[in-house]
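I opened the model to look up a few things and kept notes as I went. The entries follow in the order I made them.

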Amino acid sequence: MNREEKIMKRVQEHYNYLKEKGFEVVFLALQGSQNYGLDVYDEDYISDVDTKAVILPSFEDFVYGRKLYSETLVLENNEHIDVKDIRVMFETYKKQNVNFIETLFTEFKIVNEKYKDILQPLFDNAEEIAHINKYQAIRCMAGMSKEKLKALKHPYPTIVDKINKYGYDPKQLHHILRMNDFIKKYAILEKPYKECLIPDNKEYLIQIKKGVLSEDEATQLAVETDEDTYDVKNWATGFDDRPDVINQKGLNILDKTKYEILKMRFREELK
């Protein structure tokens, strides 16, 4: 199998896992390095396949106002499936977080045939949804950079082995650099979102992720890059003084899609 086939095989296994658990899946999409061309499979580093899934509530869940499902499931091989009720996921899209918006652009996804026709406008208009609130998107990019900077040397259980080995987590550094590339393309060059997702310096970022820099070099680069990212954010948003401009078309697509899918789901249940 080639790279694409191997990735889709894992995505399909994630989808099958959720179906076996009884979830009504609308679609499941890859998140992470494979979407940016930054996945690695060698002796030094192996990229996981992680996904996000949109699921539907039952009519009973809806009527009784039960808590909207939003959980991250960890598989035996440590891959993750971030599972969210469609109402949660679509509200998250409106917040413009890169980690969620990217699922609208990935080539690696599985759509439930039942909802395929209703969902298609969502993917056809991914750029509209990715630009619902440009300034909010830019703030999210800068915020993500700051989060990764805070995590650079923090001994979280999932990365403590990297901290012990390198003095920092190279993956956090590569995310800081990736956000810098992303925000410049999005805010300054105004490139399509799909192009913003793919960094220009892929080979360099892969080497960074493998830990080629010393702790001091990594720390300095992380701080300087994060500062540059915030300079771009401040320039683009007028230091957050400019009022947000909302793209109503993107909002309407999300709301209509959610409405039509839930209507189909509940009609089917109540037959």
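**Notebook: overall figures, cysteines, selected residues**

I began with the surface: the accessible area of the protein comes to about 13700 Å², and carbon and sulfur atoms hold 50% of that area. I note here that this is a predicted model.

**Entry: fold and dimensions**

I looked up the secondary structure next and found 13 helices and five strands. I then set the radius of gyration against the globule rule. For 271 residues a compact globule would come near 18 Å, and the protein has 19 Å, so the two agree. Along the principal axes, the C-alpha atoms fill a box of roughly 65 × 45 × 35 Å.

I also checked burial over the whole protein: 51% of the 271 residues are buried. For contacts with a separation of 6 or more, I found that 75% join residues 24 or more positions apart.

**Entry: charges**

I counted 42 positive and 49 negative side chains in the protein. The centres of the two sets lie 4 Å apart.

**Entry: cysteines**

How many disulfides does a search of the whole structure find? I ran the search and the result was zero. Cys-140 is in no disulfide, and the nearest cysteine sulfur to it belongs to Cys-196, 14 Å away. I looked at the pair from the other side as well. The closest cysteine sulfur to that of Cys-196 is in Cys-140, and at 14 Å it is too far for a bond, because a disulfide needs the two sulfur atoms within 2.5 Å.

Are these cysteines buried or exposed? Cys-140 has 18% relative accessibility, and the cut-off for buried is under 20%, so Cys-140 counts as buried. Cys-196 also counts as buried, at 1% relative accessibility.

**Entry: Arg-265**

I picked Arg-265, which lies in helix α13, residues 248–269. Its relative accessible area is 14%, and therefore Arg-265 is buried. Which residues does Arg-265 touch, once those up to four places away in sequence are set aside? I listed Glu-24, Leu-56, Pro-57, Ser-58 and Tyr-115.

**Entry: Ser-47**

Ser-47 sits in the loop between β1 (25–31) and β2 (50–55). I found a relative accessible area of 8% for Ser-47, so this loop residue is buried. Leaving out residues up to four places away in sequence, I recorded contacts of Ser-47 with Ser-33, Gln-34, Leu-38, Asp-39, Val-40, Tyr-41 and Lys-209.

**Entry: positive phi**

I turned to backbone angles last. Most residues other than glycine have a negative phi, so I wrote down the exceptions I looked up.

Asn-78 is not a glycine, yet its phi is positive, about 75°. I placed Asn-78 in the loop between β3 (70–74) and β4 (80–85). With a relative accessible area of 43%, Asn-78 is partly exposed.

Where is Asp-240 placed? I found Asp-240 in the loop between α12 (215–237) and α13. Phi of Asp-240 is near 65°, again a positive value in a residue other than glycine. Asp-240 has a relative accessible area of 38% and is therefore partly exposed.

Key
Residues are numbered from 1 along each chain as its sequence is written. This is a predicted model: local features need pLDDT of at least 70, side-chain atom pairs count only at pLDDT 80 or more; totals for chains, interfaces and linings use all residues. Side-chain values use heavy atoms; hydrogens and water are left out. Helices (H or I, at least four residues) and strands (E, at least two) are DSSP runs, numbered from the N terminus. The radius of gyration is taken over C-alpha atoms; the globule rule is 2.2 Å times the number of residues to the power 0.38. Buried means under 20% relative accessible area, exposed over 50%, partly exposed in between (1.4 Å probe, protein chains only). Contact means heavy atoms within 4.5 Å. Accessible areas come from the Shrake-Rupley method with a 1.4 Å probe; for residues, only the protein chains shown count as cover. Lys and Arg count as positive and Asp and Glu as negative; His and the chain ends are not counted. The place of a charge is taken as NZ of Lys, CZ of Arg, CG of Asp or CD of Glu.
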